Amino acid sequence: MEEREEETVFSIWVNWENKVISFSEEKGFEELRFPTHEEKFRFAIDRGNEGFGIQ
């Protein structure tokens, strides 16, 4: 049987209503998953430029 490599996923949690993003799981936040660390941080920077806060 072949061993499967575990995929690395980079997550960010977003509260769209309150315009807040988090780098750790938070109740009431939507998890978004990115295939690379760079894409995750690009998303965070873009949302920050749109007025989102980071917790």
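Start with helix α1, residues 37-49, and select D46 and R42 inside it. In this predicted model, D46 and R42 sit four residues apart, which is about one turn of the helix. Turn on their side chains: D46 and R42 meet in a salt bridge, with 3.3 Å from N to O.

Now show the surface around this pair. Are D46 and R42 buried or exposed? Each falls in between: D46 is partly exposed at 28% relative accessibility, and R42 is partly exposed too, at 45%.

Next, select R47 and E50. Their side chains also form a salt bridge, and here the N to O distance is 2.9 Å. Look at each partner in turn. R47 counts as buried, because its relative accessibility is 14% and the cut-off for buried is under 20%. E50 has a relative accessible area of 44%, so E50 is partly exposed. This bridge therefore joins a buried residue, R47, to a partly exposed one, E50.

For the last stop, select E31 and R33. What links these two residues? A salt bridge does, and the closest N and O atoms of E31 and R33 are 3.3 Å apart. With the surface on, check R33: its relative accessible area is 58%, so R33 is exposed, as the cut-off for exposed is over 50%. E31, at 36% relative accessibility, is partly exposed.

To finish, display every pair together. How many salt bridges are there in the count? The count comes to three: D46 with R42, E50 with R47, and E31 with R33.

Terms used:
Residues are numbered from 1 along each chain as its sequence is written. This is a predicted model: local features need pLDDT of at least 70, side-chain atom pairs count only at pLDDT 80 or more; totals for chains, interfaces and linings use all residues. Side-chain values use heavy atoms; hydrogens and water are left out. A salt bridge is a side-chain nitrogen of Lys or Arg within 4 Å of a carboxyl oxygen of Asp or Glu. Buried means under 20% relative accessible area, exposed over 50%, partly exposed in between (1.4 Å probe, protein chains only). Helices (H or I, at least four residues) and strands (E, at least two) are DSSP runs, numbered from the N terminus.
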